[in-house]
Amino acid sequence: MTTHTRSLGSTGPQVSALGLGCMGMSPLYGEVDRAESIATVHAALDAGVTLLDTGDFYAMGHNEMLIGEALRTAPAALREKALTSVKFGALRDPDGGWSGYDGRPAAVRNFAAYSLQRLGVDHIDVYRIARVDPGVPIEETVGAIAELVEKGHVRHIGLSEASAANIRRAAATAPIADLQIEYAIITRDIEREILPTTRELGIGITAYGVLSRGLISGHFTRDRQLGAGDFRALSPRFQGDNLRHNLDLVEALRKIADEKGVTVAQIAIAWVLSRGEDIVPLVGARTRERLAESLGALDVTLDAADLAAIEEAVPADAAAGTRYPAAQMSHLGTEH
Ligand SMILES: NC(=O)c1ccc[n+]([C@@H]2O[C@H](COP(=O)([O-])OP(=O)(O)OC[C@H]3O[C@@H](n4cnc5c(N)ncnc54)[C@H](OP(=O)(O)O)[C@@H]3O)[C@@H](O)[C@H]2O)c1
């Protein structure tokens, strides 16, 4: 059992230092294996991981139903320790298309009612809109979640990819536990404005894309074929010359990892862990093998010399390609 824990901001719960991001257990990164996904959630809980992150729009409820099944079939002692972190608000269509966001209070209550049912739980631990709805003041969306907190359906309020200005407005409305946002050795945009803001306000960070969606895991290869439904098939970082350049950065990291006798993924996760006690990396492991590798990062200590070597190998703006396709960039917190 890992004993590493961190607090989600000054008002949020105590959680395991690594959370399990379950998105890849639904077909957003290619094919999935349901039995292995559930075994991975169970192995994570067994290893002391308490935070399970999902979104109601990950394959239209599929991801929540998967977590619901994993919780139902887990030993009671582990199930009781599990905390659910749920995103809502992204609108889908029957063909898998995306059609904007809905943060109206009535929609928030509707999304929550369905999520509770699919997860099979009586409350959600951290509830957040995936992207701030530009048509609804953030105060209204957060206020609706605050009402769910009052009624006991939700324990804590989170944010996702919110701008510094929206973080301030949300925090003035109700206590905010954490902001979920992308952060990795090759994705450091939050250091400029977002991180100083969350630190000033006592808001924690749940960091996603810590491996840049597998790109800097050390396992991704140039010749890997990505299916049409795989997010990475459209991600600028995974295209042509950008991919070649970014995988060269991974080789520079591999030298550092080899010298320390650890893996590239462990270096990448340990680096995010090293950026502050207020940051909880979400690892997107979807097999027990990848989970075990991720958990190994908790035992990797990066000293000043290691951090300097990483900085030299991969300076802050070294990545080629933006972190989302152009059409999705305007929804991101770091772009305001
Ligand atoms: N708030 C938001 O906007 C937002 C956006 C995206 C994600 N998220 C959340 O954050 C979570 C993590 O994001 P992510 O899945 O993109 O993150 P990630 O950890 O950067 O990437 C996960 C991918 O890396 C590969 N990988 C290789 N080695 C690994 C290892 N040792 N451990 C884990 N993965 C390894 C896996 O692919 P293979 O299995 O093919 O090797 C996996 O699909 C998601 O599951 C989701 O819950 C939130």
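## A tour from the ligand shell to the core

Start by selecting helix 10, which contributes the largest share of the shell around the ligand, namely 3 residues. Bear in mind throughout that this is a predicted model.

Next, show the ligand together with its surroundings: there are 29 residues around the ligand, and those that come nearest are Gly21, Met23, Tyr208, Gly214 and Gly284. The elements giving two or more residues to this shell are strand 12 (279–283) and helix 10 (288–296). If you colour the shell by class, you will find 11 nonpolar, 11 polar and 7 charged residues.

Now widen the selection to residues 18–313, where UniProt, in an unreviewed entry, places the feature "domain: NADP-dependent oxidoreductase". Across residues 18–313 the chain is 43% helix and 17% strand, and the C-alpha atoms at the two ends are 25 Å apart.

From there, turn to the largest nonpolar core, which has 99 residues, and pick out Ala207, Val210, Ile216 and Ala268, the members that touch the most other members. Helix 9 (residues 264–274) supplies the largest share of this core, 9 residues. Centre the view on Val210 and, leaving aside its neighbours within four places in sequence, look for its contacts with Tyr183, Ala184, Ala268, Ile269, Val272, Pro281 and Val283.

The following stop is helix 6 (residues 164–173), whose buried residues are Ala164, Asn166, Ile167, Ala170 and Ala171. Looking down the axis, you can see that these residues lie on the same side of helix 6, because they cover an arc of only 160° around the axis. The general geometry is helpful here, since an α-helix has 3.6 residues a turn, so residues three or four places apart point the same way. To see what covers the buried residues of helix 6, add a selection that includes helix 5 (138–150), strand 9 (154–160), strand 10 (176–182) and helix 7 (194–201).

Finish at Val86, which lies in strand 5 (residues 83–88). Is Val86 buried or exposed? Val86 counts as buried because it has 27 C-beta neighbours inside 10 Å, where the cut-off for a buried residue is 20 or more. Once the neighbours within four places in sequence are left aside, the residues in contact with Val86 are Thr54, Gly55, Asp56, Ser115, Ile124 and Tyr127. As a last step, draw a distance between the C-alpha atoms of Val86 and Ile129, which are 43 residues apart along the chain and are separated by 8.4 Å.

How values were computed. Residues are numbered from 1 along each chain as its sequence is written. This is a predicted model: local features need pLDDT of at least 70, side-chain atom pairs count only at pLDDT 80 or more; totals for chains, interfaces and linings use all residues. A residue is buried if 20 or more other C-beta atoms lie within 10 Å of its own, exposed if 12 or fewer, and partly exposed in between; C-beta atoms are placed from the backbone. Helices (H or I, at least four residues) and strands (E, at least two) are DSSP runs, numbered from the N terminus. The arc is that of the directions from the helix axis to the C-beta atoms. Two residues are in contact if their C-beta atoms, placed from the backbone, lie within 7 Å. A residue is near a molecule or strand if its C-beta atom, placed from the backbone, lies within 6 Å of it. Ala, Val, Leu, Ile, Met, Phe, Trp, Tyr, Cys and Pro count as nonpolar, Asp, Glu, Lys and Arg as charged, and the others, Gly among them, as polar. UniProt positions are given in the numbering used here, feature names are shortened, and annotations may be inferred rather than shown by experiment. A nonpolar core is a set of buried Ala, Val, Leu, Ile, Met, Phe, Trp, Tyr and Cys residues joined through C-beta atoms within 7 Å.
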